[in-house]
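Me: I would like to go through this structure step by step. Could we begin with the end of one of its helices?

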Amino acid sequence: MAETITTTSNSDEDEMNAVVYSKYGDPDVLEVRTIDKPVIEDDEVLVRVHAAGVDRGVWHLMMGLPYPIRLVGYGFRAPKNPVLGMDVAGVVEAIGKNVTRFQSGDEVFGIGRGSYADYARAHEDKLAPKPTNLSFKQAAAVAISGLTALQGLRDHGRIEPGQKVLIIGASGGVGTFAVQIAKAFDAHVTGVCSTAKMDLVQSIGADHVIDYTRDDFAERKQHYDLILDIGGNSSLARLRRALVPQGTLVIVGGETGGRWLGGIDRQFRALVLSPFVSQKLGTFVSSENHDDLLVLKDLIESEKVTPIIDRTYPLTEVPEAIRYLEDGHAKGKIVITSG
């Protein structure tokens with residue numbers, strides 16, 4: 001059963017504006033409404049939202065696709081959490097009695113529940129102090145995409161200094177973090193993107209940039225020690241041709257549009273094939289955790305990584321922001337501002 005949206009309250013101080021949806025569908029199902037502030041649990045933090053990020057995960061939750069996500073706790077017929085949004089940056093408003101890392105007034109970033117609102121709930125393990133050299137808008141772009149890039153390269157790709165790394169989808173939210181993080185690990189980085197985004201990918205540190213509209217990375221003489229595929233549509237055969245015999249492939253995304261698998265069938269095939277070939281083929285689900293948020297914070301404060309923001313929209317224009325994401329033209333991240 002979906003959570004109930006209460007639209008009455010004892011006072012204006014107990015209310016907030018939020019982007020809500022009561023059924024799955026395209027951006028037209030979203031609307032800004034006045035609802036009650038969320039009530040935090042003992043291990044949660046109430047964050048006064050200054051900004052929130054937009055990513056493909058938000059699109060999947062809005063659409064309820066692929067269908068398996070409805071079976072893992074998000075709501076079968078309708079969304080359980082009626083407020084959209086995950087990436088968050090803001091100020092701690094209140095803490096639960098078991099929270100030890102934060103106190104009221106702290107500036108934080110991370111992953112919350114329902115961040116397209118004036119206030120959002122977040123578990124303390126999914127927050128970290130905001131990087132001192134970032135604005136709230138910049139910080140809101142970091143958590144989900146940054147964690148995915150970091151864990152894909154470090155934990156699953158086992159990136160090492162001097163390796164040749166290919167990042168497919170280098171201009172998007174995850175890709176722009178991946179290029180910079182790979183360079184921070186002293187790898188030799190090649191990014192794959194469209195013509196219009198080549199300058200951006202080169203500007204954030206890529207040693208080489210391949211325009212996929214003119215050049216096929218799988219047909220080049222160059223082979224790579226590690227491929228991070230965020231593009232979501234290359235076959236395993238093409239990806240393996242670009243790997244060295246002992247290379248590693250990490251598939252991050254799959255956006256084939258299927259309503260049941262949505263592209264994750266490719267990940268399944270990689271996992272099944274991997275034990276029978278010399279190359280390591282795999283995928284993963286990113287871990288939303290405090291320690292890795294601190295790693296991202298250190299990379300940002302040491303100026304090795306900088307969030308790339310394409311456009312910013314106010315809370316009232318979340319549907320337009322998601323439509324822009326759907327179009328596939330975004331360079332880096334899209335951010336929603338609140339308040």
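**Around a helix and beyond**

Reply: Certainly. This is a predicted model. Just after helix H4, Asp-186 takes a positive phi of about 65°.

Me: Why is that worth pointing out?

Reply: Most residues other than glycine have a negative phi. Asp-186 has its positive value although it is not a glycine.

Me: Where does Asp-186 sit, and is it buried or exposed?

Reply: Asp-186 lies in the loop between H4 and strand S9, which covers 188-193. Its relative accessibility is 54%, so Asp-186 counts as exposed; the cut-off for exposed is over 50%.

Me: Which other residue that is not a glycine has a positive phi?

Reply: Arg-158 has one, of about 50°. Arg-158 is found in the loop between helix H3 (143-156) and strand S8 (164-168). Arg-158 counts as exposed because its relative accessibility is 56%.

Me: Back to H4. How many of its residues are buried?

Reply: Of the 12 residues of H4, 10 are buried, so the helix is largely enclosed by the rest of the structure. Among them are Gly-173, Phe-177, Gln-180 and Ala-182.

Me: What span should H4 have, and what does the model show?

Reply: H4 runs over residues 173-184, and at 1.5 Å a residue it should span 16 Å. The C-alpha atoms at its ends are 17 Å apart, which agrees.

Me: New topic: the strands. How do S3 and S4 pair?

Reply: Strand S3 (residues 44-54) pairs with strand S4 (residues 87-95) in the antiparallel sense, over six bridges. Within this pairing, Ala-51 stands opposite Ala-89 in S4.

Me: And S4 with S5?

Reply: S4 and strand S5 (residues 107-111) also pair in the antiparallel sense, over five bridges. Here Asp-87 has Ile-111 in S5 as its bridge partner.

Me: One last residue, Glu-124. Where is it, and is it buried or exposed?

Reply: Glu-124 lies in the loop between strand S6 (119-123) and strand S7 (127-129). Glu-124 is buried, yet it has no salt bridge.

Me: Why does Arg-101 not count as a salt-bridge partner?

Reply: Arg-101 is the nearest side chain of opposite charge, but it is 4.4 Å away. A salt bridge has to be within 4 Å, so this pair does not qualify.

Me: What does the side chain of Glu-124 reach, then?

Reply: The side chain of Glu-124 reaches the backbone nitrogen of Thr-100 at 3.2 Å. Leaving aside neighbours within four places in sequence, the contacts of Glu-124 include Asp-43, Val-45, Phe-102 and His-290.

Technical notes
Residues numbered from 1 in each chain as written. Predicted model: local features only at pLDDT ≥ 70, side-chain atom pairs only at ≥ 80, totals over all residues. Heavy atoms only, no water. Helix = DSSP H or I, 4+ residues; strand = E, 2+ residues; numbered from the N terminus. Buried < 20%, exposed > 50% of the residue type's maximum accessible area, 1.4 Å probe, protein only. Lys, Arg positive; Asp, Glu negative; His and termini not counted. Polar contact = N/O pair within 3.5 Å; in protein donor to acceptor, adjacent residues only side chain to side chain. Contact = heavy atoms within 4.5 Å. Pairing = 2+ DSSP bridges. Expected span 1.5 Å × (residues − 1).
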